[in-house]
Amino acid sequence: MSYEAGKYDCIVVGTGHAGCEAALAAARLGCKTLILTLNMDNIALMPCNPSIGGPGKGHLVREIDALGGEMGINIDATYLQIRMLNTGKGPAVYALRAQIDKKAYQQRMTLVLQNQKNLHLHQAMVEKILVDEHKNVRGIETETGAIYYAPTVILCTGTYLKGEIIIGEISYPGGPNGQRAAEKLVDNLKELGLQLGRFKTGTPARVHKQSLDLDQFIIQEGDPDGNFFSFLTEKGRGLNEPCYLGYTNEHTHQLIRDNLHRSPLYSGKIKGAGPRYCPSIESKIVLFADKEQHQVFVEPEGLNSMEMYLQGASSSLPEEVQISFLRTIKGMENVQVLRTGYAIEYDYLVPTQLKPSLEVKSIGGLFCAGQINGTSGYEEAAAQGLMAGINAVMKLRGKEPFILKRSEAYIGVLIDDLVTKGTDEPYRIMTSRAEYRLLLRQDNADLRLTEKGWAIGLVTPERYARFKAKKEALDQALTMLKETVVTPGTEKVVRLLEAKGSAPLRQGISLYNLLKRPELCYSDLVELGLAETVAHDVGRQIDIHIKYEGYIAKQLAQVERFNKLESKLLPPDLDYSQIRNLSVEARQKLSEIRPVSVGQAGRISGVSPADLSVLLVYLEKAYRKN
């Protein structure tokens, strides 16, 4: 028996990382928001690796934080260790990664949701999206018959849509960590005309810390306190819990090869495509048969837990095989498995059915974010959730959607890739996906995005004041460096150049140009009293800005050309079948994707440069005619 349970401005389905950010964004922007969870004890769950960040992913977290999201703040309050990766490379690919106390992360995020004004939290299984005769969302219905009305709904269902857990020859319906799968909602989405696909992901066994001989592993520590994800964080937790590195061996590989016929990946039981960049141990043994060993990282799941996560050893082999191959690894001879590894197959929404705002093209007011859109990872999910939450509010207020360009943020790259190109495997963000990655560094996310977050209303006055102070300090320092000229006889400079093994000056030069020498940095000038002390992040910004000025200028010129094509908008009702000289494939793809601009059209597979020229000529003729 159905009954009316309440009316809201926005309903968010799911409390994973996408759902948390979506609901917080909508509520903080003043909308009466309902967020529904399958299990109140599993809010912000990390069913796989208890870590956040890394190349591309860490950039997303910094961007979420710069826009006023919660993930970065939550990480800084609950990490076990934090470290900067890729420091031997250029600043474009520097990336923070944190090992998280997963229970602490969940508990803190749950409290944030419970204490958020305008946000109501409820445990329920959603089975139906209610849509009116005009194909606009009206609300949702739960399995208990509760009907909640709202003009916007955001689906953040993760890997729960018809989820199936698979371990060897055994399979059963379920979501991550033994939760229930959402069955009837899938049927409802298909009834609404939405196209779904099937993906696979997996997770390794969790083992008891005391059953490991940790002396046999290589210790992997984090950085000394001083790295943070949030631009608001001033002081770290002071924690540096070690992770450990071990290796498989030929005995491990042979045992796995002998049991491949029992692996659902190779027996044909698993049909969905899995994540390319996080393969199972079985896949590694087959695909990289020449490798004598593979890395296995042993990572703690929490300060008050004996569970250790085995990154690199994801498997869906039968339980007894998993135990056997783990015991062949040095240091794991007596390992005790607490939770068996498994694969999970689940349905996802083909993301080319979405607008760049993450609203479903065919159903007004219905938004999707996270793994339902075919992505993998907590960070990709949270980024989409934040954008969906913002755009649901923009929709309610009759405003233009908030869209980040590929040239503005990794979030823009992520969403544009999904809605323009789609994906035939769980999508993972990487620095190599960004054409303008020197501009989209993790260190300058606030300089790129905080003004935008402030304009939307999501950035708090405290955050904005700190951002303005940082920007002012940076501008003042750069101006001083340009205006201060030193000569070959300046004693302090002579000492500095000798100490650094740098060539002496032949003529007067500004401190700005002096810092273009690779062996010098702003802190050297501060030590000699030639420059004022600034915050560490400001000093780092100064060094990057000066040393990479030429490369940055080239990318800015590329962005200018990119923006010209992005600014040439395509009518949403354009009939591509009537445009002469377009290729058959281009007509088909353009009619299906319905790009918003010529720039987006050019990124669709099957649309050639010749097709773009035809579109540009068509737009020019239409402009002159009108």
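## Glu 143 and Arg 180

Start with Glu 143 in this predicted model: its relative accessibility is 37%, so it counts as partly exposed. The side chain of Glu 143 meets that of Arg 180 in a salt bridge, with 3.0 Å from N to O. Their contact ties together distant parts of the chain, 37 residues apart. On one side, Glu 143 sits in the loop that runs from strand 9 (137-142) to strand 10 (146-149). On the other, Arg 180 belongs to the loop between strand 13 (170-173) and helix 5 (184-191). Arg 180 is partly exposed too, because its relative accessibility comes to 48% and the exposed class begins over 50%.

## Strands around that salt bridge

The loop that holds Glu 143 is the turn of a hairpin, with three residues between strand 9 and strand 10. Gly 145 in this hairpin takes a positive phi near 95°. Strand 9 and strand 10 run antiparallel and share three bridges; as one example, Ile 140 has Tyr 148 of strand 10 as its bridge partner. Strand 10 also pairs with strand 1 (residues 3-7), this time in the parallel sense and over four bridges. There, Lys 7 stands opposite Tyr 149.

Strand 13, which precedes the Arg 180 loop, has a hairpin of its own. Its partner is strand 12 (residues 164-167), and the two pair in the antiparallel sense over four bridges. Ile 166 has Ser 171 in strand 13 as its bridge partner. Just two residues lie between the strands of this hairpin, and Gly 168 in the turn has a positive phi of about 60°.

## Two other salt bridges

A search of the whole structure turns up 39 salt bridges. One of them joins the side chains of Arg 276 and Glu 425, at 2.9 Å from N to O. The two residues are 149 residues apart: Arg 276 is in the loop between helix 7 (264-267) and helix 8 (281-287), while Glu 425 is in the loop between helix 11 (410-421) and helix 12 (445-456). What about their surroundings? Arg 276 is exposed, with a relative accessible area of 52%, whereas Glu 425 counts as buried at 14% relative accessibility.

Arg 406 and Asp 416 make another salt bridge, and their closest N and O atoms are 2.8 Å apart. Arg 406 lies in the loop between helix 10 (378-396) and helix 11, and Asp 416 lies in helix 11, 10 residues away. Here both partners are buried. They also belong to a salt-bridge network that takes in Asp 417, Lys 421, Glu 435, Glu 566 and Arg 603 as well.

## A buried serine

The loop between helix 7 and helix 8 that carries Arg 276 also holds Ser 280. Is Ser 280 buried or exposed? Ser 280 is buried, because its relative accessible area is 3% and the buried class covers anything under 20%. Gly 312 is 32 residues from Ser 280 in sequence, yet the C-alpha atoms of the two are 7.3 Å apart in space.

## The second largest pocket

Helix 11, home of Asp 416, shows up again in the second largest pocket, where five residues from helix 11 make up the largest share of the lining. The pocket has about 960 Å³ of space. Its lining counts 38 residues, and the closest to the centre are Pro 356, Ser 357, Pro 401, Ile 403 and Val 596. The elements giving two or more residues to the lining are helix 10, helix 11 and helix 18 (549-566).

Which classes of residue line the second largest pocket? By class, the lining has 19 nonpolar, 12 charged and seven polar residues.

## Helix 2 and the domains

Helix 2 (residues 57-66) is mostly covered, with 10 of its 10 residues buried. Charged side chains are no exception: the buried residues include Lys 57, Arg 62, Glu 63 and Asp 65. After helix 2 comes Gly 68, whose phi is positive, near 105°.

As for the overall layout, the protein is divided into domain 1 (206-343), domain 2 (461-555) and domain 3 (567-625). The C-alpha centres of domain 1 and domain 3 are 47 Å apart.

Methods:
Residues are numbered from 1 along each chain as its sequence is written. This is a predicted model: local features need pLDDT of at least 70, side-chain atom pairs count only at pLDDT 80 or more; totals for chains, interfaces and linings use all residues. Side-chain values use heavy atoms; hydrogens and water are left out. A salt bridge is a side-chain nitrogen of Lys or Arg within 4 Å of a carboxyl oxygen of Asp or Glu. Buried means under 20% relative accessible area, exposed over 50%, partly exposed in between (1.4 Å probe, protein chains only). On a 1 Å grid over the protein atoms alone, a cavity is a set of points where a 1.4 Å probe fits but cannot get out, and a pocket is an open set with protein on both sides within 12 Å along at least five of seven lines; lining residues have an atom within 4 Å of a point. Grid points are joined across faces, edges and corners, and a volume is the space filled by probe spheres set on the points. Ala, Val, Leu, Ile, Met, Phe, Trp, Tyr, Cys and Pro count as nonpolar, Asp, Glu, Lys and Arg as charged, and the others, Gly among them, as polar. Two strands pair if DSSP finds at least two bridges between them. Domain bounds come from an automatic or database domain assignment.
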